[in-house]
Amino acid sequence: MLTRTIDQDLFDAYSDDMPTFLKKIYAARGINESYLSLSLNHLLKPNFLQLDVALTLLEQALVNQKRILIVGDFDCDGATASVVAVKSLRMMGAKFVDFLVPNRFEHGYGLSEEIVKLAIQEKQPDLIITVDNGISSFDGVKLAKSSNIQVIITDHHLPSKALPQADAIINPNLKGCEFLSKNLAGVGVCFYLFSAFKTHLIKCDYFTNHKITLPDLRNVLDLVALGTVADVVKLDQNNRILVDQGIKRIQQKKCAPGILALLEISNRPSATLRASDLGFSVAPRLNAMGRLSDISRGIKCLLTEDINDARRYAQELEVFNQQRKQEQARMQDQAQAIVDAQELSSTQKDTSSDRFAISLFDPSWHEGIVGIVAGKLKEDYHCPVAVFAQSGSDLKGSIRSIPSVHIKDLLDLVDRQNPDLILKFGGHAMAAGLSIKSENFTDFKQAFANAIQAHLDNQMPKVELLTDGELEVFDLSLDNAQLLVDAGPWGQGFDEPIFYGEFELVEQRVVGEKHLKCRLKLTNNNTVYDGIAFFQVPVKDTKVQIAYKLSINEWRGSTSLQLMIEQIHNI
């Protein structure tokens, strides 16, 4: 277990009115005080490559009332980006704007040829705008262009050396793009495009000339916050501003009725909403629909202005979420059994137990769930994990990686070294998707593991929990827990503080069949604290070292301090 080192110069530079408790946390993360400002006027100004071209195309489509079609992705980021695009265009006076999202089982990912054919058949678009996809859609873009459809790609996934021949591409990760916020989610890129478009239209006197009320794009920040948290992108200052502003709007119920309905069905009050509630309660219900069926209902849930309609959609999403949980549990049990059998085989052969990668496949697995299973195994085994499902005659897989392996770059390497092994792939540093031929699974498994082992120079990365140190009794307080809530949003790249200490277990019991509820006190102190450890069996000894977060437990109108236990070990 490692402890962050406090930068004393930074600590001394903070304002006197900042609590010492927070100064230590920020100084240990190397955060300047200016970085902590989360007002909208601190958002970076858009300066994407090809932005002017995209704005001109959008203006022409709007003025001439062309048919605009938004093509999204089938996850929460893609769904929220689709809604941001539709709502923004409607606020700006577009009369013919619609959305179409691929069904992962019929059309594949992104702007595929199949989805373009469907778009032509059902929507007859003049302009297609992709959101959260498109940067690898070469064939789909080519078909659209040959059918006299203009294409604007908005995406945040990492591009290959070649780019689709779209009319304009808005992506902060394009080579040569000077926009500094490289960590935007797909919904963030979409929001930035339409924010820039609003400014462009103001300069053209468009709203005045067409007697259109000036749109307030703050009205879609709730969606931007949801998609950004759901996609687990790095919460740099720009993303923290977007998430913070969106959360505040949800807390005030100035948000999509669909978000309120999803919070209701997951028993999360909007008034005390935190970023983690979006990630663990709202996003999974939207994602479940995209994983098992068609996320269009989720988009309609977020688009509707009627709370009763939103509640009906939310109920449908909840049914799919329960199905997703059951299927996930089945697949995780089977995947664990395969890993256990492989470990036993390795032990019997007296080979190294080091795991540089895990690749798994079972013909009964659901392709919409493989990413969740890969993520769980990655957390358990601390190595990149690829999990595949059957998709027609091919296999579709999802990979989840660790910080020391940039998985998109590594797949690039595997593809160059084995030109016929991977049919297609895409993604970013920590997650990727790919397709391979069924007969190539064993070869991919070996090539994947070899590439990672070589990348890591045959050294398994050490996994140690990074903490903010031990807390004294006076720091273990409800006030400090509230300080941390107010200092959020916390998330990827702006990690919520974790502390550790030696405790004595006074009481422990299992709740919900798999979570450990306990009461404990610091060694040499009689103050007793409530704690909970998710997916934790009871421990034998009463003397334990725990790593924990400070949290607030709200129950029947009262609030109390609760330790959210991340790790628990016998001393």
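Which residue in β3 is the bridge partner of Leu69? It is Asp98. That pair is a good place to start a walk through this predicted model.

**The strand pair**

Strands β2 and β3 run parallel, and 4 bridges join them. To get from β2 to β3, the chain passes through helix α4, and the resulting β-α-β crossover is right-handed. Here are the three elements with their residue ranges:

| Element | Residues |
|---|---|
| Strand β2 | 68-71 |
| Helix α4 | 76-91 |
| Strand β3 | 97-100 |

**A covered helix**

Helix α4 turns up again when we look at α9, which spans residues 221-230. Of the 10 residues in α9, 9 are buried, so the helix is mostly covered. Among the buried ones are Leu221, Leu223, Val224, Leu226 and Val229, and the list also includes Asp222 and Thr228. Which helices do the buried residues of α9 pack against? Their partners are α4, α7, α10, α11, α12 and α13. Just after α9 comes Val232, with a positive phi of about 50°.

**Ser266, between two of those partners**

Helices α11 (257-265) and α12 (275-292) are linked by a loop, and Ser266 is found there. Is Ser266 buried or exposed? Its relative accessibility is 7%, and because the cut-off for buried is under 20%, Ser266 counts as buried. The side chain of Ser266 reaches the backbone oxygen of Leu263 at 3.2 Å. Setting aside neighbours within four places in sequence, Ser266 is in contact with Ser281 and Arg285.

Key:
Residues numbered from 1 in each chain as written. Predicted model: local features only at pLDDT ≥ 70, side-chain atom pairs only at ≥ 80, totals over all residues. Heavy atoms only, no water. Pairing = 2+ DSSP bridges. Helix = DSSP H or I, 4+ residues; strand = E, 2+ residues; numbered from the N terminus. Right-handed = clockwise from strand over helix to strand, strands pointing away. Buried < 20%, exposed > 50% of the residue type's maximum accessible area, 1.4 Å probe, protein only. Polar contact = N/O pair within 3.5 Å; in protein donor to acceptor, adjacent residues only side chain to side chain. Contact = heavy atoms within 4.5 Å.
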